Amino acid sequence: MRYNSYSRYLKEKYGGKTYRIGVDAGFSCPNRGPNRNQRGCSFCDVDGSRSPYLGSLTDIGEQIRRGLEFLRTRYGANRFILYFQAYTNTFAKAEQLHTLYSYGLSLGEFKELIVSTRPDCVDADIADVLASFRTRVEDVWVELGLQSSNEETLQRIQRGHGKGAFEKAFHLLKSRNLKVAVHLIFGLPGEGWEEILQTIRYVAAFRPDGIKIHNLHIPYNAPMFQEFLLGELSIPCAERHLEYVVRALELLPPDTLIMRLTCDTPKERLAFPRSFPDKANFLARLAQRLEEQDTYQGRLFNS
């Protein structure tokens, strides 16, 4: 393989396939207010990043128990990671977060704890809470949603923070020996090759432990859907996204884990693009393209 695959990393680290239990702990985010009822980032709908398999479940304990039962029954799984996934999972006081993460981890034997959040919702107290769990699991990861390093783009998508917040949060987390993954979106309004490569070079300089890349998806209920209908933006096709990913891999550090390369918004929520290949198909095409061009992750990384 010509890039540093996260799934392969987990298999090698833990001796077999390791499954994430994604939970929605009821958090909101600074853009949406306490009840998730305000307008969020322009690419985000009301369901945020909540996993569709959770259905209507709201109790975190029930979510975890059902997730464990399903994975054990369906796949014979016996290695698990607890993943606080939906919305901003540090959008609370530090002591509340400690209680919540402790409760979640008490419900099963988990190899790792992953917490997904925004850069502007990380401070020293929260970083300390996250670091305190390094004695209970083998790794603690924090996923930071940057999306772009372009300040104009961040304002246009109503992100609510600039790249300075990302830099502060990243350094706080790394100073506690936490692992950090960065979320990016390729194809945001007003962005093309120059802006995307600028963002990749910017992120690569931090040498993040992991990265998640999403192609731009527009849900029906996202504010950006109206912009699309008005002809104010276009969405990169699968071939263009493939080109973006190849160049991104070349520029990233060779040791950064590639955790995701496409978005998978459920079809019933997705307005555009409708014809994008599924994950397996896209990854097969990527492997072929990397082979054809005889290139690989880190080939152009400038340390």
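**Figure 1. N31, a buried residue in a loop.** In this predicted model, N31 has a relative accessible area of 16%, so it counts as buried, the cut-off being under 20%. You'll find N31 in the loop between β1 (19–23) and α2 (60–75). Leave aside the neighbours within four places in sequence, and N31 is in contact with Q38, R39, G40 and C41, and also with R118, Q158, R159 and G160. For a sense of distance, look across to I218: the two C-alpha atoms are separated by 18 Å, and the two residues are 187 residues apart along the chain.

**Figure 2. Q158, a contact of N31 with a positive phi.** Here we pick up one of the residues that N31 touches, Q158. Q158 sits in the loop between α5 (151–156) and α6 (163–174). Its phi is positive, about 60°, although Q158 is not a glycine. Most residues other than glycine have a negative phi, which is what makes this spot worth a look. Is Q158 buried, partly exposed or exposed? With 32% relative accessibility, Q158 counts as partly exposed.

**Figure 3. Q147, a positive phi in a strand.** Q147 belongs to strand β4, which covers residues 139–147. Q147 is not a glycine, yet its phi is positive, near 75°. How does Q147 count in terms of burial? Its relative accessibility is 7%, so Q147 is buried.

**Figure 4. Three cysteines without a disulfide.** This view takes in C29, C41 and C44. How many disulfides does the chain have? The count is 0. Why is C29 not bonded to C41? The closest cysteine sulfur to that of C29 is the one in C41, and at 6.1 Å it is too far away for a bond, since a disulfide needs the two sulfur atoms within 2.5 Å. C44 is in no disulfide either: its nearest cysteine sulfur, again that of C41, is 6.3 Å away. Both C29 and C44 are tucked away from solvent by the numbers: C29 counts as buried at 9% relative accessibility, and C44 is buried too, with a relative accessible area of 18%. C41 also turns up among the contacts of N31.

**Figure 5. The cis peptide bond between F272 and P273.** Now for the backbone. The peptide bond that joins F272 and P273 is cis, with omega at about -10°. Most peptide bonds are trans. Where is P273? P273 is in the loop between β9 (270–272) and α10 (279–292).

**Figure 6. T153 in helix α5.** T153 is part of helix α5. With a relative accessible area of 5%, T153 is buried. Which residues does T153 touch, not counting those up to four places away in sequence? They are S148, L188, P189 and E191. A77 makes a handy marker on the far end of a long line: T153 and A77 are 41 Å apart in space, C-alpha to C-alpha, and 76 residues apart in sequence.

**Figure 7. G67 in helix α2.** Helix α2 holds G67. G67 is buried, with a relative accessibility of 11%. From G67 to R260 is 193 residues along the chain, and their C-alpha atoms are separated by 21 Å.

**Figure 8. L230, an exposed loop residue.** L230 lies in the loop between α8 (223–229) and α9 (238–251). Is L230 buried or exposed? L230 is exposed, with a relative accessible area of 62%. The C-alpha atoms of L230 and L197 are separated by 28 Å, with their positions 33 residues apart along the chain counted as the distance apart.

**Figure 9. Stepping back to the chain as a whole.** After the close-ups, here is the setting they share. The chain has 10 helices and 9 strands, and its C-alpha trace spans about 45 × 45 × 40 Å along the principal axes. For 303 residues, a compact globule would have a radius of gyration near 19 Å, and the chain's 19 Å agrees with that. Of the 303 residues, 58% count as buried. Among contacts with a separation of 6 or more, 82% come from residues 24 or more positions apart. The accessible surface comes to about 13,700 Å², and 46% of it belongs to carbon and sulfur atoms. As for charge, there are 40 positive and 36 negative side chains, and the centres of the two sets lie 3 Å apart.

Conventions. Residues numbered from 1 in each chain as written. Predicted model: local features only at pLDDT ≥ 70, side-chain atom pairs only at ≥ 80, totals over all residues. Heavy atoms only, no water. Helix = DSSP H or I, 4+ residues; strand = E, 2+ residues; numbered from the N terminus. Rg over C-alpha atoms; globule rule 2.2 N^0.38 Å. Buried < 20%, exposed > 50% of the residue type's maximum accessible area, 1.4 Å probe, protein only. Contact = heavy atoms within 4.5 Å. Areas by Shrake-Rupley, 256 points an atom, 1.4 Å probe, with all protein chains shown as cover. Lys, Arg positive; Asp, Glu negative; His and termini not counted. Charge placed at Lys NZ, Arg CZ, Asp CG, Glu CD.
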